[in-house]
Every structure is written in C-alpha cells, then in structure tokens.
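Hello,

Here is the structure you will be working with. My notes on it follow.

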Amino acid sequence: MPATSTADDVVDDDDAARLRATAGFVREQDTSVLLSRVLPGLDGPELRALTDQCRFAHAAVLVFPPDEETLRAELAGCGLAGDAPAQPSVVVRQRLADRHGCPAADLDVRILRPVVRGPAGEHRAVEVFALTVPPGSGLSSIAARERRLEHEAHLAFDVLRPDPLVLRGLLATFLRHDAAADGGGYNPHEDGTVFYFTAPAGTKTVYRRVELYAGGDHRDVLKEHLGREAVARRPVEAEPAEVLLRLLTGAWTTQALAACARLRLPEAMNRHTGVGTAALAQAVGAHPQSLATLLRYLAMLGVVSEGPDGFRLTGVGALLDASAPASMHPLALMYGGPFYQSFAHLDHTVRTGQPAFEHLYGENHFDHFVRHPDLAALFDRSMASSSAIFGPLPAHPVLTAAAAAPGRPRTVVDIAGGTGELLALVLDAHPALRGILLERPQVLAAARARLAVTDAGSRCRYQAGDFADVPPGADVYVLSRVLHDWDDERCRSILRHCADAMPSDADLLIVERLLPEDGTPSLATAWDLHMMCNTGGRERTAAHYARLLTDCGLGLVGHEPLPLGARVLHARRS
C-alpha cells in the first residue's frame, strides 16, 4: 500500500512499513465491496456478475532492499513468509527500464508472493516486487523516485475462468466504467497474462492501478488491450479556448500547493488512513467549507485522494510534509511567495532585460536575501529540496577515481555549495575523500550544524568567501546549480577563478539543466524563464557551456544525465 517516502537513501524501515500496510489491506478486503470501490458506478447485477467472474487476489508493492537477507527479514517482520519463492518479473522490469531510460538487463526485478488470508480465510498474497539496491548503488535514484510515486502499487483480481470470451467481457466492463487500459504483458516464467488499468477518477481506494490476472497465454486478447491503451494515449484535441483557460489558471495551482504547505495540511494527514474535512479543519485551524473546496482541487491535482473515510495524502502530497526527508515544502513556499510575486512583473523583464525580482524589491535576490535572513534560510532549504538531483553523482567516474587514488587523501571543493547536501553525499559515499565547502558566512553556519551530525563533518573544511576565493590545489571542483544564476560575462569570471585554482590534472564537475538543442519540451526551458525573471541568469545548451569553458582555458569532456532533468558536465583544463 502506498506510503510516504522521499529520500534517496530511504531506510529499510520504510519498506517494512509499506509491506505491513499492504499486508493489512489484503487481509481486510471483501471482493465485492472492493470492486464497488474500485469501479464506483457498478450497479447490483453488474457487480454480482463481476464478483462471480473474478476474486481479489493481491495488492502489490515494489521494494528496494540492500540485499536478500534484509528482504527476507523484512518479510518475516511483517508476518509474511520469509522463504517465499522468487521468480523474475518480466513486466515490471521492462516498465522500470522504460520509465528511467536504462537497459532492462541491468534491473534484476523479482516477484515474491507470500501468502496471507482474507477475512473468511481466503487464499491471498502480497505481491512483492524486489529490486536489490546496495548502499551507494547507481540505482538509488530509481529507488527514491519509485518509492515516492508508487508506480507499481496496484490491486489485482484473478479471473476464475479465463477463456477469451470471459476475458473480453471483463475488460469491456472496466472500460465502460472509465478505467483506462494501462499496459500489460505475458510472463512465460509462470504462464500468466496480466492486464493493467488506471482506475477511474472517482475510485474510492488509494490505489490508482488495477490488474486482471488470467492464467495461461492470452496474448491475442492482450494485443487488443494494448491497442486500446495506444488509442487512449493519443492526445485529444481540445477546443483552443479550453486549452488557454487551463493554462491561465496555472497560477491557481501554484497558490493551492503553497496554501497546502502553509496550512501544514500534509502534517495532519497520512497515506494509510483517511481524515474527514471537519477534523482536518480543526487540526490546521481552517474554515471547514473553504478547506473542503481546497481539498477537492488538490484531489484533482493528485496531491490528495478522497475515499469513504476522508482524504489521504498521495506520494506527491507527501513531499509537501515539512518533516519528510527531501521535503519540497520550502520550494512551495518560495514559488508561491517571493518568486510568485516577481513573476507578476515578467513583462517588465521582457521589455527591459532587468530581472523582475530586482524591479520589485529594489535589489538583486542575493542581496535581498542577505538583508532578510529568514528568507535566505528558506531559500537555502528550497535548494536542498531538490537534492534528489545529486543521487547518482557520487558514482561519477571522476569521484570514484579520486576516492580510489593511492597516496594522500584527495580533496573535493564544493563552490557555493549551500548547506552542504551534495558535499555530504559525496563524502559519505567515499570515506577516503576530504571536502572543502566554499560559501557565504551566513550559510556556513547552517552547513556546519548539518554536517556536524554526520561522519562527513570531520572530513570537511569550511571556507567563507566568494567566487574569487576558490581554494587552489584540490583534485575535484564542483559547481552545482551556480552558473545558471549569472549572465555569460559573470560565468566566464567564475570559470576563470576555477581554472586558476585547478592543478593541471584536476577535474571540474558542473551540475545544471541543459536546454535541448532541438527545442523539445524540457524542465530547462521553464527554468530558463525563471532564471531570467528572478536572477538575470539563464539555462544553456551543452554547446553554449562548451564555448564558455573554452574561453576560460577549460575543455568539456562530456556530460551525463541526473534526476529531475539535470546533467553533470565534466571539464578539465585544456
């Protein structure tokens, strides 16, 4: 059953909690009642017919144990058979590969089905998909995203008499009640065919995917099902006025999310138990009717879900919980606060070239934050909210080579590294490395407090200063989300300071979003507008960065993808 999880290195206890919640759900459900909640429009005769043809079989959860022993221990700790046999998962492995753009062969996904009993003693199972992710593995970013979004969490019903006629009738019933075809596949290892659906918008469970499982090879029916999915995914051409109206109301979405964060709604909710509007209003100090309107809008966005017992958080909504690891709560406050106000003056920026933030507040955003420490602290926390970008970075060949180099300990310098999230991640992954964090004095205080409680703190030196103070003689230099704050002239100045400090064999890693060369949609395009409006900076193409590097005596070696649309560029002295 979906559960809150946001950090790249989510502890095993989180997977155990998700396993426990899923097992409890499976034990409690009645097939007929559950079908009526999955497809709320079912009438009496149709519900009885459907109940006669299929039965609730399992709920699924995808977990990421560091090793086989931990997985078996977690299963046993949840009252599930720790010795359940495992089979390869062809379908989920391919879905993960497609979502994350990696070879399916690199993903060893297994299925385990430990048995549980339903309320009347029925034979059921918890379907556990397991992808082993050892500490420091390059798969950790995949695990973090999948835990957050719960793509593979679903309900499953076994078809009792899976002949083609019955199967087609069942599929038609689901489609008739607004479930949408959502893939499927044939698993030769167990000779079974799965048909996935996205549940209708009005579904009354927290699960958004439903599986029908039919024993045997039914690839002829599956082909029809996948054809319906392809048709459903074709863009529907809406009226231009409707398209424009939806675009114009985007500001409402930003403020609805910011209001959710300011009211601390996520902290008053959870993923497993619904909470009624009246109780939520009392908990957060809100007007019940007005809160109900906001919750309906948030449900439409997928931030919360509504069921018979009230409203629950989704994986998206859980990221707005200020206490959650890698919480995006600070981002909601920044984008719904000072940056929202400055975007109201975007036309001024377009007319004059002056950042709207500077026009509104009378100074650039860095100087403004210095004079408003609370806002500066919020900005630093908002930058840390996107730390999922850094997940795979410690495995970059430059850093692994530095960590493995013989002789003296190698040093990594994080230039304008904020409160040290990235540097801590690198040092934690590589105990042989030493670090230097170069930042403004007021930021270093927060960085010291954060790193002091980690093993990395004893291997990190803190240096107050600006870009002109880049410490010389280190082995790896890092500029993470820095260059996009500045115009080309200031970027060259920053890069020259780096080049002057770098020994001939040192490496420079630059983390930024890259504008696509062909104009395809990307997060970088949106951030390009944001940087222009608020900092006077810009996003750039890889070729643009290569030219800037060349101007400063550096050469672009290559670039690799990171989560959230970012890339890591590798440069060395020419």
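Strands (E, at least two residues) and helices (H or I, at least four) are DSSP runs, numbered from the N terminus. The model is predicted: local features need pLDDT of at least 70, side-chain atom pairs count only at pLDDT 80 or more, and totals for chains, interfaces and linings use all residues. Numbering runs from 1 along each chain as its sequence is written, and side-chain values use heavy atoms, without hydrogens and water.

Cavities first. A cavity is a set of points, on a 1 Å grid over the protein atoms alone, where a 1.4 Å probe fits but cannot get out; lining residues have an atom within 4 Å of a point. Points join across faces, edges and corners, and a volume is the space filled by probe spheres set on them.

There are three cavities of 30 Å³ or more. The largest has a volume of about 120 Å³. Its lining has 17 residues, with Val91, Ile111, Asn187, Val194 and Tyr196 closest to the centre.

The second largest holds about 40 Å³. Strand 10 (304–307) and strand 11 (310–313) each give two or more residues to its lining. Strand 10 gives the most, three residues.

Now Glu146. It lies in helix 6 (residues 140–149). Glu146 is buried (under 20% relative accessible area, 1.4 Å probe, protein chains only), at 2%. Its side chain makes a polar contact of 3.0 Å with that of Arg99. Such a contact is a pair of N or O atoms within 3.5 Å; within protein, one must be able to donate a hydrogen and the other to accept it, and residues adjacent in sequence count only if both atoms are side-chain atoms.

Regards

Notes: Buried < 20%, exposed > 50% of the residue type's maximum accessible area, 1.4 Å probe, protein only. 1 Å grid on protein atoms, 1.4 Å probe; cavity = no way out; pocket = protein on both sides within 12 Å on 5 of 7 lines; lining within 4 Å.
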